[in-house]
Structure formats: C-alpha cells, structure tokens
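Q: Got a minute to go through this one with me? I'd like a quick tour before I head back to the bench.

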Amino acid sequence: MGNRTPLYDNHLKMGAKIVDFGGWDMPLHYGSQIEEHHKVRKDCGMFDVSHMNVVDVKGAKVRDFFRLLLANNVDKLKTKGKALYSCMLTAKGGVIDDLIVYYMDDQWFRVVMNAATRDKDMAWVNSAAKEFGGLTVTPRNDLAMIAVQGPNAKEKVYQALGEALRAPAGALKPFHAATVGELFIATTGYTGEDGFEIILPAKAAPFTWQMLHEAGVPPIGLGARDTLRLEAGMNLYGSDMDETTTPLESGLAWTVALEPSDRKFIGREVLDRQKAQGVPRQLVGLVLEGKGVLRNHQKVICNGAGEGEITSGSFSPTLNQAIALARVPAAVKIGDRATVDLRGKPATVRVVKYPFVRHGKSCL
Amino acid sequence: MSTVPKDLKYTKSHEWVKLNGDGSVTVGITHHAQDLMGDMVFVDLPQAGTKITSGKECGVVESVKAASDVYAPVSGEIVEANAALADSPETVNKDCYGAGWMFRLKPANKTELDGLLDAKAYEALVASEKH
C-alpha cells in the first residue's frame, strides 16, 4: 500500500482505477481518460493533487534564500500573492525539481513541489536553508490540494463553494494566489485552461470534493492530467528534465533569470558557460503525420543533424493524433521532418513549436 | 454482465475466440486486456488473406498508455478484419466481445482449438495475474 491522500475514499467511491504514482495510490481515471480529457477542454474537471509537496518557508531572510535557491529570480515577485515558476538546480546545473513559489508576504513564501521528488527536495531545501539563520521550513502535510480546471471551472467553483469567493478569487490575475478564510486559491494549473488550484485543510478536502461534484464538476485522473499538460506544452519532471539536463536544454530558458548578472544562484556557472558556448540540445514538439502513438524514449533521427529522444510521447485527444516533446540537437529547426522508430517501423514526424493546444484550440 | 463470457474460448495472452459454426472463428481481446490498457486510440489488424501462426503477433492495439501485440490464437488465414476499428478504436473498450471484435479467421487445423482455455480456466488465469 502506498501513501494515500485525504481523498482516497472519494476516488474509490467514484470508481477510480488506482495506480502507484511516485509512492502514492492515485486515480488514473474514473472510466475513460479520453472522455475526462475532453471534459476539461470543453467544460471543467477536478484533480486531486494532494500528493504534491506544499512547503511554507518563513523568516526574515526568506527572499534572500529563494534568490540563491532558484534559477528564476524571486525579485520578479513584487506584489503579494504573485507566483513564479522555477527550477531548483544542482551545482552542475541539473534540475532537482521544478516548482511554483508564491510570495505571500515578506516573511512567508509558499512552494509547491513534485510528489515523487519529495525526499531529495526536502533534503536539498533544508540543507540550503541552514546557511540562512532563522528560516523555518515546514512541509504542510496537514493540507490537501484540488485543481479545478477548464473554461467553466471558475463559475463552478463559485457555485459549489460559495459566492463569497467570487470577488477575491475572480479578481486574481493569472499566476496569482490569495487566502480566503481557510482556502488558498491560486490561478495556476497544469492543463492550459483557466481555473484554480485550491489548497485547503486535509480535513475539509472530502467535503469540498463532494460539493464540487454536486455542482457538476467531474473527477479527472492522472491519465488525463498527463495528456492535458502535454498538449499545453508543460514539462513533466523526471521525463522532460532531470538532474542530467539543464533548464536551457529542456525548453525552460524562459524560467532562468541570468540578469542581473551579479545574482548568485546554485547552478549558475554551468548555465552561464552553456549560454556562452551554445546550448547543444533543445526541447521541441513533434507531431506524428500518420497513425500510431509516440512513446517516451523512442529515438528521433534528425536528418543530417544527429539523433534525439522523445521525452514525453502520447496521443493528443484534442488533435486526434500522436504528439511528443523530444530533446534533439540544437541544429534541428521548426518545420523540419524527422524519423521516429515506431515499434520497428520508421515513421515521419514534423518538428513543431509547442504548446500544441491552448484554451481548447489547436496551436498548430 | 460477466466479464468472461462462458461460451467463448480464451488464450493466455488475453484474446477471446468464438466458434462461429461455419468453420471460422472470431477473435478479439478480453475485457481484462482492454481494462488493463485503458482508452484505445489505434488498432492495426492483419488484412484478409494474411496467413497467421499460432502464438505469433499478428496485430497491434495501442492505448493512450501502452502498445500491445495481438497474438494469433491458432494458425490460419484471415477472412475479414474489423475495418470499423480504424476510425473508432474506442469500440474495443466499450464492447470488446461484440462490436469490438478484431478479425475472423479460418483455422488451418481445428484440433488447435482444443488447446484454448475455457472460461473457467481463463478466469483463474486473470485472478492469478491480479496477485
């Protein structure tokens, strides 16, 4: 038996197929992952993401701490409630994890990290925090997290959890958060759709889930979560990047703040050098022109430019064809054709810019 | 509804076989197999006239999650493949013993059919795989 979220019994009652995900017993789907995918694109759905690691870091030097810990610059966070996506790097520039950090006030930042990397993340954060006197690092195992995503998600949340939320939550710009009573509501997500991620006391989670369900929000499993994020061109830690790759090779240059050049952060030297010498590999999108499904680790033969590998391959329910993220040599250009070995048969793929889908519409 | 119909024969690789009474058999994959794989998105089947060999792969089903070979339950020649599955592979999930059939086959040697599992033996196989 793995770890279970406070919503485990709700999942069983709703007929979830439970699978192990990074040591957690999580719902893969509640019947059909493709139908769940379409519900989020066309209406809305809710995800139990309570397995994710919510950590509060508090103290006078909390901003200094994140300035050193993260490849992105927390000095971009000027207004309270603003969120920032960043990688946390090893000294060699490899990605330990990707995360979202919320600036709550000058003494309190909240971080949400991945579930499967919890132990190494906490070891790293705690060890880095020792250099900063008076910081407290508190994993919030007393909290749960529900993501409600889709074009109708926000309206359904107000219906289910109360009109009182409409003013404070509705006023949030993208990538912001606010606390409303016991709820922490953020306009973040992992689907490419509108919606909220709601962090709440674990005890309140089963009831809240039920209220959302009664308001017509269907549960969505991790299967659809993966195809939704892939269509939205969002990286998955452990597949698209890990400690052997830098953010610059992982399509995450936009999350690395090399300016100002005097900000020291862990991993900076390697990124500076890579930037100066040219980044050897890049992450691109692939679209399969024929039938079949692209899969992780399939080899990509880039005519004349060498070889690459699919880091996330799947079937796009919105586009009704196979799509992938792949790490390929820097010389590969958008619009190129490449060849993927599909179970022993060569198949032609087109190199594209991602995201593949945003707000329900194809970007291709 | 039983997920292992009594009137069918089964393979260890999770195909079902229906004896049609006209010398041909119909083949598909079982409820257990489609449930393990999840939503089907692509089905590649042998064409009519193809000779297939017992226990060898003769087709591919792909779900969002995984790809899996379809194995020939007995040797023989394909009479007809279910063309409808090319455009609606989800039929395999919705009706694996009915509209989700994969192909009809004329067995080369009918005694090979005796080597297939009956419903009871297949149920026992599925139960043993769940542990």
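**Talking it through**

A: Sure. Of the 364 residues of chain A, 46% count as buried. Keep in mind that this is a predicted model.

Q: How many helices and strands are there in chain A?
A: Chain A has nine helices and 20 strands. Its radius of gyration is 20 Å, close to the 21 Å that the globule rule gives for 364 residues, so chain A is as compact as a globular protein of that length.

Q: And what box do the C-alpha atoms of chain A fill?
A: Roughly 60 × 50 × 40 Å, taken along the principal axes.

Q: What about contacts between residues at least 6 apart in sequence, what share of those in chain A join residues at least 24 apart?
A: That share is 67%.

Q: OK, sheets. What's the strand order in the open sheet of five strands in chain A?
A: The order is E5-E6-E7-E4-E8, and the pairing is antiparallel. Strand E5 (83-89) and strand E8 (136-139) of chain A are at the edges with a single partner strand each, so one side of each has no neighbour in the sheet. From one strand to the next, the twist averages 25°.

Q: How many bridges pair E6 and E7 of chain A?
A: Five bridges, in the antiparallel sense, between strand E6 (residues 95-105) and strand E7 (residues 108-113) of chain A. If you want to find one on screen, Asp105(A) has Trp108(A) in E7(A) as its bridge partner.

Q: Switching to chain B: what's the order in its open sheet of six strands?
A: There the order is E1-E2-E3-E9-E8-E5, again with antiparallel pairing. The edges are strand E1 (9-10) and strand E5 (51-52) of chain B; each has a single partner strand, so one side of each is left without a neighbour in the sheet.

Q: Which residue in E9(B) stands opposite Gly76(B)?
A: Pro107(B) does. Strand E8 (residues 76-81) and strand E9 (residues 103-107) of chain B run antiparallel and are joined by five bridges.

Q: How many residues does each chain put into the contact between A and B?
A: Chain B gives eight residues and chain A gives 12 residues. On the chain B side, four are nonpolar, one is polar and three are charged.

Q: Back to chain A. How many residues of helix H8 are buried?
A: Eight of the 10 residues of helix H8 (residues 222-231) of chain A are buried, so H8 is largely enclosed by the rest of the structure. Among them are Arg225(A), Asp226(A) and Glu231(A), along with Leu228(A) and Leu230(A).

Q: What covers those buried residues of H8(A)?
A: The cover includes helix H2 (33-42) plus several strands of chain A, among them strand E2 (24-29), strand E15 (306-316) and strand E16 (321-329). After H8(A) comes Gly233(A), with a positive phi near 70°.

Q: How do helices H5 and H7 of chain A pack, what angle and how far apart are the axes?
A: Helix H5 (residues 153-161) and helix H7 (residues 205-214) of chain A pack at about 115°, with their axes 8 Å apart. The crossing of H5(A) and H7(A) is right-handed.

Q: Which residues meet there in H5(A) and H7(A)?
A: From H5(A) you have Lys156(A), Ala160(A) and Leu161(A), which meet Thr208(A), Met211(A), Leu212(A) and Glu214(A) of H7(A). By class, that contact has four nonpolar, one polar and two charged residues.

Q: Now the backbone oddities. Which peptide bond has omega near -5°?
A: The one from Glu259(A) to Pro260(A), which is cis. Pro260(A) lies in the loop between H8 and helix H9 (268-277) of chain A. Another cis peptide bond joins Tyr354(A) and Pro355(A), with omega about 10°. Pro355(A) is in the loop between strand E18 (345-352) and E19 of chain A.

Q: And where is Phe175(A)?
A: In the loop between helix H6 (166-170) and strand E10 (177-180) of chain A. Phe175(A) isn't a glycine, yet its phi is positive, near 60°. With 16 C-beta neighbours inside 10 Å, Phe175(A) counts as partly exposed.

Q: Last one: is His297(A) buried or exposed?
A: His297(A) is exposed, because it has 9 C-beta neighbours inside 10 Å and the cut-off for exposed is 12 or fewer. His297(A) also has a positive phi, about 75°, without being a glycine. Look for His297(A) in the loop between strand E13 (281-288) and strand E14 (299-302) of chain A.

Conventions: Residues numbered from 1 in each chain as written. Chains lettered and ligands numbered in written order. Predicted model: local features only at pLDDT ≥ 70, side-chain atom pairs only at ≥ 80, totals over all residues. Pairing = 2+ DSSP bridges. Helix = DSSP H or I, 4+ residues; strand = E, 2+ residues; numbered from the N terminus. Axes fitted to C-alpha atoms, helices over the stretch in contact; angles between N-to-C directions. Buried ≥ 20, exposed ≤ 12 C-beta atoms within 10 Å, placed from the backbone. Contact = placed C-beta atoms within 7 Å. Nonpolar A, V, L, I, M, F, W, Y, C, P; charged D, E, K, R; others polar. Rg over C-alpha atoms; globule rule 2.2 N^0.38 Å. Left-handed = near helix turned anticlockwise from the far one by under 90°.
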